[in-house]
Each structure stands twice: as C-alpha cells, then as structure tokens.
Amino acid sequence: MRNSLKLVCMVFLGASMTSVAQAREFADIYTECGLGALIAPRNEAVAAVTNVTWDLGTTAISSDVSSPENCKGGQAKTAALIFQAYPSVETDLAQGQGEHLSALLNLAGCEEALHATVSGALRTDFGQRLQVSGITRYDQAQSLYLLVERNTEVCADA
Amino acid sequence: MEYGRIGARFFRPCFVLLMLCMGLWSQQASAMDLARLAREPVWLGLLHFDTESQRGEVTDPRFYLAPNGRQNPLAELQATITALSLPAQSDDETHARCRFPARAMWLDRELSRPLPAVSCPRLEAWVNLAELQSISLMLVSGYFGNPASSFGHSLLRMNTRSASSTRGLLDISVNFGAAVPENEPTVVYVLRGLFGGYVSGFSDRYYYTHDQVYTRTESRDVWEYELVLSPWQQQMLVLHLRELLGMEFQYYFLSKNCSYRQAELLALVLGEDFVTDVSLWYAPVELFQRLHDLDRSAPGHLVKAVRYWPSAQRSLHERFDALPPDMQSRLNQQLRAERFDPNPWAEASAEQQVLALDFLLEYVDYRMAALEGEALEPWQQRKNAVLRQRLAWPPGTAADPPRQARPSPAAGMRTSRIYADFGRSDRGEGVAAIGYTAFHQDLLAQSDLSGSGLVLGDVQLGGGRNGSWALHQFDVLKLDKLAPPLSALAVDLEPAWRLRFGAQRESRRCDECLEWFAEGGWGRSWEVLPNLAFSGLLLGRLGSRGLAPQLGAELNLLYLRRGLGALLRVSRLQDFKFARPSTRVAASLAYPLSGQWAMRLEFEQQADASLSLRLQRSF
C-alpha cells in the first residue's frame with residue numbers, strides 16, 4: 001500500500017514537473033522569439049503603409065535569418081504557428097481536418113500517415129481542455145502547445 | 001649540345017619576355033573583362049544600382065564590400081571577387097559566398113576561373129533548393145478600410161513540393177515594407193511615407209502570417225501568380241532575396257514601394273524591363289499588368305497559373321449561399337439573436353447540425369478577426385460553445401462550396417487614362433472636353449457587383465463660353481463603395497459609402513464658377529435583381545462658394561454584366577444658408593472596346609443638361 005502510494009506520488013510529481021518544464025519552455029519561446037511582437041499593433045493608418053507585418057530589427061521566428069539561434073527548432077516553429085494562427089488551428093481541430101491542422105502536425109514532425117490518429121487524440125484532449133473558460137490568448141496557446149507536445153510524441157517514435 | 005646552349009641563351013630571355021607580355025596582356029584583358037562585367041545589367045541589378053543617381057539604392061553599409069561600393073560597381077565587383085576568392089574555414093557563415101550567394105552564383109558563371117566552394121549551413125537551412133518547386137507573386141486586393149491601402153499589396157512566396165496539404169501556409173514568403181514606429185502620428189506618417197522618411201527592407205515570414213493578416217483580419221482577396229522560371233533564374237532569385245534580408249532601403253510609399261522592389265527582382269532574373277518610366281507612382285497592380293503583357297506573346301511562358309484565394313468574408317458568404325434556404329433562414333435568426341448556447345440545432349439531422357456548426361465556426365472566426373482586447377472575450381465564449389458542440393460530432397467537413405473565381409484586377413483596364421468627350425447641351429451648344437486621370441479603378445469596369453471605384457487626380461478641361469479651354473473638373477479623390485451584400489446572410493451588412501473631394505464648374509457656360517468641394521455619403525446597398533444593385537445614401541456637401549453646407553440624399557442604380565456597366569445617380573441637396581435645393585441627375589453607360597479602349601455615354605443635368613460620348617484609352 002505504501003509502495004503504491006509512493007508510486008502514485010512519484011507519477012503525479014513527475015507529471016507536474018514535466019508540465020512545468022514544458023510550460024516554461026513555451027514561455028521561453030514566447031519571450032525569446034518575440035512571439036508577442038509578431039502581432040503588430042492595430043494602428044490602421046500605419047498598417048496601411050507597412051502592411052502590418054514588417055518589423056525591421058524586431059526578432060521574428062519565421063526563419064533563421066531574423067530569429068535567434070534557439071528559435072529555429074521545430075518546437076519554436078510549432079509554438080509560433082499555434083500562437084499566431086490560434087483561431088484557425090482551433091477551428092480545424094474541432095472539425096478534425098484543415099490546412100492549419102496539417103501544417104501544425106507537419107511542423108511537429110508527424111508523417112501524413114499519422115495525421116488522422118494524432119489529430120483524433122489531440123481532438124479528444126482539446127475537448128476536455130475547453131471546459132476551462134476566460135483564459136487569455138497566451139494561456140490558450142500554451143495549453144494547446146502542451147497538448148500538441150504530448151500527442152505528437154508518437155510521431156518521433158514512428 | 002653547343003646549339004642547345006646557344007639556343008638556351010637566346011630563347012630563355014625571349015621566353016621570359018613573352019611571358020611578361022602575356023602577363024601584362026592578361027592583366028589588361030582581365031581588367032577589361034571586369035570593367036565589362038561591372039556594367040552588366042545583372043551586376044547592376046544585384047547591387048540595386050540606380051543609373052540616374054549613380055549609386056546603389058541599398059543604404060545599408062553591410063551590403064557593400066568595397067568602401068566606395070555603393071557608388072562604384074567596378075570597385076564592388078573587384079572587392080567581391082577578392083572576398084569570394086579567400087579560403088574559408090569550415091562553415092564560415094561570414095564568408096562572402098554565404099553573405100552574397102547570388103553574386104557568387106553569377107560570378108561562377110561569368111568568370112573563367114573557379115571560385116572556392118564554401119559550405120553555408122544557415123543558407124541551406126533557410127531554403128531547401130531541392131524542395132523548391134516554384135515561386136509565386138501574390139497580389140493582395142486593395143483595402144477600403146483605409147484609403148491609403150486602396151492600391152493593394154504584393155509579396156513573393158517560395159512554393160515547396162510538400163505544401164499541397166497546407167496550401168503553402170508553411171512556405172517562406174518575402175515581403176517588402178517600411179519600419180514605422182509605434183503610435184506614429186498620422187500626419188507624420190503620411191509625410192514620411194511620401195518623402196522617403198522611413199527605413200525599409202525585405203523580411204521573411206511563413207506564409208500563414210500573411211494569410212492571417214490579409215485573408216482573415218483585413219478580409220482581402222489574393223491572386224497568386226505562379227511564375228515560370230528556369231532552375232537558374234529561380235535559384236538566382238531565391239539567393240538574392242537571401243542576401244537582401246535585413247538590408248536597409250529608403251521607402252517611398254508611392255514609387256519605391258513593395259511592388260517596385262519586387263519588380264526589380266523580376267527584372268534581374270528575367271532580363272525584362274519592369275520599372276523604367278516609373279516617375280511619380282508604381283501601384284502593385286502595374287507590376288502584374290506588366291506580367292500579363294509579357295506573357296501575352298506566348299501565354300503560359302512566364303505565368304504558369306493565376307489562382308484566386310478569396311478573403312475570409314467571401315468564403316463565409318459562399319458557404320452561406322451553398323446552404324439550403326431553410327437553414328439560411330434559421331441561421332439568420334440565430335445570428336441576429338446571437339444565440340449560440342444551448343445549441344439551437346440540437347433537434348436537426350446530424351448532417352444539418354454539422355453543416356450549421358461548421359458555418360458558425362467560420363462566422364465566429366470571421367467576427368473575431370477584427371476584434372482585440374476585451375471585445376474578444378464574449379466572442380471566445382460563443383466560439384467555445386460552438387466548439388464543444390462540434391467536438392461531439394465525428395471529424396470531417398462537407399466539401400467546400402464551388403468557388404467563384406474572380407478575375408485579377410491586373411487583367412482589366414490600366415490605371416491611367418486619357419479621354420475626350422463630345423456632345424451637346426440642352427441649349428444646343430456643343431460640349432467638348434479632354435481629360436487625364438492619374439489613377440483609376442473604374443466603378444463601371446468591374447467584373448462583378450463589387451461596387452468599388454477609386455479615382456485619383458482626374459483633370460478635365462472643357463470648352464468655355466468664349467471658345468477657350470478652362471478647367472471644368474478636377475477630382476483629387478473619388479471613392480465609391482456601393483457593393484450590395486455578398487449573400488443572404490443578414491448579419492454582415494456593410495455600409496455603402498462614397499467620398500469625393502475636388503473642384504467643378506457649376507455650369508459649362510460659366511467660366512468663373514469653379515467651386516472647390518468635399519462631399520460624402522453613407523447608406524445601404526441591396527442587390528434588387530441579378531447584377532443590379534440599388535443604394536440609398538445620406539449625402540453631405542461643403543462647397544467653397546459661400547461655404548454653405550448642404551445635406552440631402554442620393555439614390556444609385558448600378559448594373560454590371562459582362563463588361564457593360566451602367567449607373568444612374570439622382571441626388572438632391574438642401575442648401576441651408578440660402579434655403580435653395582438642388583437636384584442633380586447623372587447617368588453613365590460604359591462599354592469596353594478592344595484592348596485598353598472604352599466608350600462611355602454620359603448624361604448630366606444640374607444647372608444645365610448635357611449628353612456626351614466619351615472615348616477613353618487606358619495606359
């Protein structure tokens with residue numbers, strides 16, 4: 001009984017630590033790779049000339065030219081897609097298909113043959129997470145990022 | 001033996017002399033070759049060298065290897081060859097071959113001697129040339145949400161082979177724009193934008209970031225021009241983009257803007273003229289018109305395909321149009337009431353529920369795209385309700401409704417025009433006028449009832465009372481947005497509006513009656529019959545003669561079909577200062593002739609009436 005309790009505690013502690021480590025990872029990506037900066041301020045007049053998306057000197061995650069070394073990996077790219085295109089990813093997940101979901105799974109390193117299986121599992125987890133309401137875009141992205149990390153482990157093993 | 005020694009004594013100096021001469025000749029020939037290479041259009045293009053100002057347009061000193069490289073293409077060429085000839089340690093990203101891969105690629109071909117190979121892992125990681133399938137130039141439609149964005153936008157995308165399931169969302173796209181500080185005052189922004197006050201440059205992004213901004217947030221249509229380039233041209237373009245990333249240019253909103261810089265890139269790899277004669281402005285559509293022109297001689301040799309990608313708004317309305325009428329009616333009721341939870345579709349068939357929920361998700365996304373901050377929260381709650389309902393059903397959506405491809409704006413009339421009017425007035429007098437329009441997208445020359453028209457700088461000289469010519473009309477800006485709703489969806493009704501600012505003679509018989517004015521209208525538009533839109537606007541006007549504000553109403557009937565466009569406009573304004581109402585009736589019938597020629601029948605009645613025929617040529 002004591003051993004069982006110890007095992008449960010260890011599993012719980014391990015799971016919590018993993019979660020904290022991954023959450024920090026998303027937070028690191030968010031700050032170090034300038035994800036927030038990528039959402040340009042909505043100044044209509046300025047947007048008209050700059051076409052919103054250009055930010056000379058600001059870090060950007062989309063390529064190794066303009067992003068720091070530690071923002072070039074698949075994790076950072078996955079985090080960026082989730083954060084920047086969150087509404088589209090969320091809708092695709094609910095529908096179980098779509099261009100943004102395919103892009104997400106590709107970035108997470110999943111072969112196309114595994115997309116249906118992974119997105120099915122992701123969809124189930126995502127449905128449970130939706131019970132939580134009133135969270136920010138950052139929290140939403142972080143939460144989905146953790147789900148993607150967990151559900152795409154199978155892709156690395158394949 | 002003796003002969004041999006004599007021969008050696010005689011021939012050795014001759015041989016040395018010969019070698020010296022050859023060396024001198026070779027050096028001279030090499031110098032001549034370099035001078036020739038430095039004048040090559042490709043080299044000047046790689047340096048973005050402006051032959052008028054005699055200096056490179058890249059203002060960033062990191063772009064030049066020679067101290068005077070910006071002003072002297074030959075010095076820059078020599079410095080580049082020297083730098084490329086240096087041995088490199090493994091993975092030396094600072095080596096000239098990694099910093100200037102396009103220059104290296106061109107010089108590899110042009111020079112007779114090989115330059116050392118260098119490994120550039122960061123370049124290889126940026127773009128996998130083996131995966132690169134083609135390059136597309138994207139034309140983003142004008143954005144009437146802000147008049148300054150009405151000209152549209154253009155950007156490049158590198159299409160990879162593995163992008164079929166993601167519509168290129170993960171392909172790298174390259175944009176050119178200005179770096180504008182946050183919270184820049186509008187006046188400062190306009191002035192700096194017009195007169196070169198901003199630093200600008202190329203930047204790279206995954207295409208999904210542009211898709212988010214243009215297609216979803218701003219709901220703009222996109223036309224993708226997939227280019228036909230040889231492997232050499234394609235590689236050259238990609239490598240040159242790489243060496244330009246982060247380099248600084250000076251930005252001019254009207255002329256040296258995104259499309260101008262992309263036109264320069266196409267000129268570099270295609271060897272065709274794209275930017276000569278650019279004086280005051282270069283609108284994005286002009287770059288694409290040039291592509292159409294070049295491709296016309298052998299269709300498909302330059303543009304493989306033109307694909308239309310509708311805005312989020314158009315996609316939403318197309319999906320709504322494809323639903324059965326009873327579902328449309330129920331959805332309209334639901335959306336008017338903003339009732340998302342509990343699910344009003346719970347009693348419907350499984351197929352109808354999934355159809356309705358998928359439409360609602362698209363609708364909520366469309367509404368949320370324009371919101372930010374606290375305004376998002378209630379909509380996220382609504383979306384969560386729909387998501388929960390949708391997640392209860394198996395994955396998979398109904399096929400997208402058939403897409404109605406809209407022709408590219410570049411396939412239509414050119415943006416500048418000259419015209420001549422001939423006719424008669426109600427008093428039997430001849431009417432004659434000539435005019436020039438700097439930029440126009442004709443309200444009556446659209447492919448569908450988009451109801452959008454934009455005119456900038458329209459000057460019309462008319463025959464005066466004494467036979468002399470006088471300014472009859474000058475439109476600084478004329479904007480019309482008279483589009484009817486895109487579908488029967490009852491909750492996405494955009495206003496009809498128009499804005500006009502300029503000067504006009506009150507009567508053709510009065511040479512001194514030129515009045516400056518500003519007028520604007522705001523109202524609604526409906527599609528009363530197929531291809532026929534009716535709009536009603538509240539109208540306001542302020543004129544310089546007496547500075548009397550006028551208020552009134554305006555009715556418009558707009559018909560567009562297969563190139564034929566007709567507009568009937570009746571407006572009545574009340575002058576509050578002099579209590580004098582005025583009614584104006586105008587009718588136009590436009591028909592395209594061949595090529596860039598078009599004719600127009602115009603009727604106008606205000607102080608006097610006139611009927612005239614206009615012949616116009618766009619260019």
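**Exercises on helices and confidence in a two-chain model**

At 1.5 Å a residue, the 16 residues of helix 15 (residues 376-391) of chain B should span 22 Å, and the end C-alpha atoms of this helix are 22 Å apart, which agrees. The expected span is 1.5 Å times one less than the number of residues, and helices are DSSP runs (H or I, at least four residues), as strands are (E, at least two), numbered from the N terminus. This is a predicted model, in which local features need pLDDT of at least 70 and side-chain atom pairs count only at pLDDT 80 or more, while totals for chains, interfaces and linings use all residues. Residues are numbered from 1 along each chain as its sequence is written, and chains are lettered from A and ligands numbered from 1 in the order in which they are written.

**Exercise 1.** State which residues of helix 15 of chain B are buried, and what covers them.

*Solution.* Start from the cut-offs: a residue is buried if 20 or more other C-beta atoms, placed from the backbone, lie within 10 Å of its own, exposed if 12 or fewer, and partly exposed in between. In helix 15 of chain B, the buried residues are B:Gln380, B:Lys383, B:Val386, B:Leu387, B:Gln389, B:Arg390 and B:Leu391. Their cover includes helix 14 of chain B, together with helix 5 and helix 7 (115-129) of chain A.

**Exercise 2.** Describe how helix 5 of chain A lies against helix 14 of chain B.

*Solution.* First take the geometry: the axes of helix 5 (residues 86-95) of chain A and helix 14 (residues 350-369) of chain B come within 11 Å and cross at roughly 175°. This makes the two helices roughly antiparallel, a term for angles over 145 degrees. Next, list the residues in contact (C-beta atoms, placed from the backbone, within 7 Å): helix 5 of chain A gives A:Pro87, A:Ser88, A:Thr91, A:Ala94 and A:Gln95, and helix 14 of chain B gives B:Asp358, B:Leu361, B:Asp365 and B:Met368.

**Exercise 3.** Assess the confidence in chain A.

*Solution.* Begin with pLDDT, the predictor's confidence in each residue, from 0 to 100; its mean in chain A is 70, and 56% of the residues of this chain reach 70 or more. Within chain A, confidence is highest in helix 5, at 95, and lowest in helix 3 (residues 44-50), at a mean of 35. Then look at residues 37-65 of chain A, where pLDDT stays under 50, although the model has 93 contacts beyond four places in sequence for them. Where pLDDT is low, the predicted coordinates should not be read in detail.

Key:
Axes fitted to C-alpha atoms, helices over the stretch in contact; angles between N-to-C directions. Parallel < 35°, antiparallel > 145°, perpendicular 65-115°, else oblique. Contact = placed C-beta atoms within 7 Å.
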